[in-house]
Amino acid sequence: MWRMWLLPFIVISTLYILTFVFAVFWFFPAQSTYIPQISKYTSLLFLPHGVRILSAWLLGWRSIILIAPSALYTHWLILGWAGFSPLGIMGAMCGVVCAALTFGFLAKVGMDFHLKPDANVHWTDVMLVGVIASIFNNVGLGLAFGHNAATMSGFFIGDITGLFACLLILMLAFRLLRSRNRT
């Protein structure tokens, strides 16, 4: 129970909430200072997308259950209780579900990038899944909330740069760990 659910829940929830707070309450205000014409909903560096994709890569369908409480909590941080309409909940969960759904869909068509002991997945494979998941997410959000093309483009850019930044941070951390283990 601890290794299968509780530890991943604690780690994923902490990372999701921290990256969300960074993106929305720190990066977004800084971005708005320099690029005020960007939509008030769009962060051009949305790190939570990286957490969603990496969680779905590592944990598959379990990632939906593990991220859902954090996604709903961060949704509440932004919109309060007014955001908990059926449409609001659907919007909050869209990105969470799209990440796992994209991995599952690609596996069905012969491109299984899930983490497995015998498989060697390249970071570009994870980026590809992130791009496709972001497209699905944006279509869902666009249909649910009627976002215009500029807002959806901003969401897409934020998702991709957020995932790339997460992957870059992980690669640098693993490189640092490997270099420390050699000494």
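Is cysteine 166 buried or exposed? Cysteine 166 is buried, and its relative accessible area is 11%. The model described here is a predicted one.

## Overall build

The chain contains 6 helices and 0 strands. Followed along the sequence, the pattern reads α-α-α-α-α-α. The radius of gyration is 17 Å, close to the 16 Å that the globule rule gives for 183 residues, so the chain is as compact as a globular protein of that length. Along its principal axes, the C-alpha trace spans about 50 × 35 × 30 Å.

Contacts can be sorted by how far apart the two residues are in the sequence. Among contacts between residues at least 6 apart, 70% join residues that are at least 24 apart. Several pairs of this kind come up in the sections on single residues.

## Surface and charge

Of the 183 residues in the chain, 44% count as buried. The accessible surface of the chain comes to about 10400 Å². Carbon and sulfur atoms account for 73% of that surface.

There are 10 positive and 4 negative side chains in the chain. The centres of these two sets lie 11 Å apart.

## Cysteines without a bond

How many disulfides does a search of the whole structure find? The search finds 0. A disulfide would need two cysteine sulfur atoms within 2.5 Å. For cysteine 94, the closest cysteine sulfur is that of cysteine 98, at 4.0 Å, which is too far for a bond. For cysteine 166, the closest cysteine sulfur is also in cysteine 98, but here the separation is 17 Å, again too far for a bond.

Burial can be checked against a cut-off: a residue is buried when its relative accessible area is under 20%. Cysteine 94 has 14% relative accessibility, so this residue counts as buried. Cysteine 166, at 11%, is buried as well.

## Where helix 2 meets helix 6

Glycine 50 is part of helix 2, which covers residues 47–59. Cysteine 166 is part of helix 6, which covers residues 149–182. These two residues are 116 positions apart along the chain, yet their C-alpha atoms are separated by 5.6 Å. Glycine 50 is buried, with a relative accessible area of 0%.

Which residues does glycine 50 contact, leaving aside its neighbours within four places in sequence? They are Gly162, Leu163 and Cys166. Seen from the other side, and with the sequence neighbours within four places again left aside, cysteine 166 is in contact with Leu47, Gly50, Val51 and Leu54. Proline 48 is 118 residues from cysteine 166 in sequence, and the C-alpha atoms of this pair are 8.9 Å apart in space.

## Isoleucine 12 in helix 1

Isoleucine 12 lies in helix 1, made up of residues 2–34. Its relative accessible area is 7%, so isoleucine 12 is buried. Beyond its neighbours within four places in sequence, isoleucine 12 is in contact with Val51, Ser55, Leu59, Leu66 and Ile67. Val51 also appears among the contacts of cysteine 166.

Isoleucine 12 can also be set against histidine 147, a residue 135 positions away in sequence. The C-alpha atoms of these two residues are 28 Å apart in space.

## Leucine 87 in helix 4

Leucine 87 belongs to helix 4, which runs over residues 86–108. How much of leucine 87 is accessible, in terms of relative accessible area? The value is 39%, so leucine 87 is partly exposed.

Not counting residues up to four places away in sequence, leucine 87 touches Ala144 and Phe145. Asparagine 138 is 51 residues from leucine 87 along the chain, and the C-alpha atoms of the two are separated by 15 Å.

Notes: Residues are numbered from 1 along each chain as its sequence is written. This is a predicted model: local features need pLDDT of at least 70, side-chain atom pairs count only at pLDDT 80 or more; totals for chains, interfaces and linings use all residues. Side-chain values use heavy atoms; hydrogens and water are left out. Buried means under 20% relative accessible area, exposed over 50%, partly exposed in between (1.4 Å probe, protein chains only). Helices (H or I, at least four residues) and strands (E, at least two) are DSSP runs, numbered from the N terminus. The radius of gyration is taken over C-alpha atoms; the globule rule is 2.2 Å times the number of residues to the power 0.38. Contact means heavy atoms within 4.5 Å. Accessible areas come from the Shrake-Rupley method with a 1.4 Å probe; for residues, only the protein chains shown count as cover. Lys and Arg count as positive and Asp and Glu as negative; His and the chain ends are not counted. The place of a charge is taken as NZ of Lys, CZ of Arg, CG of Asp or CD of Glu.
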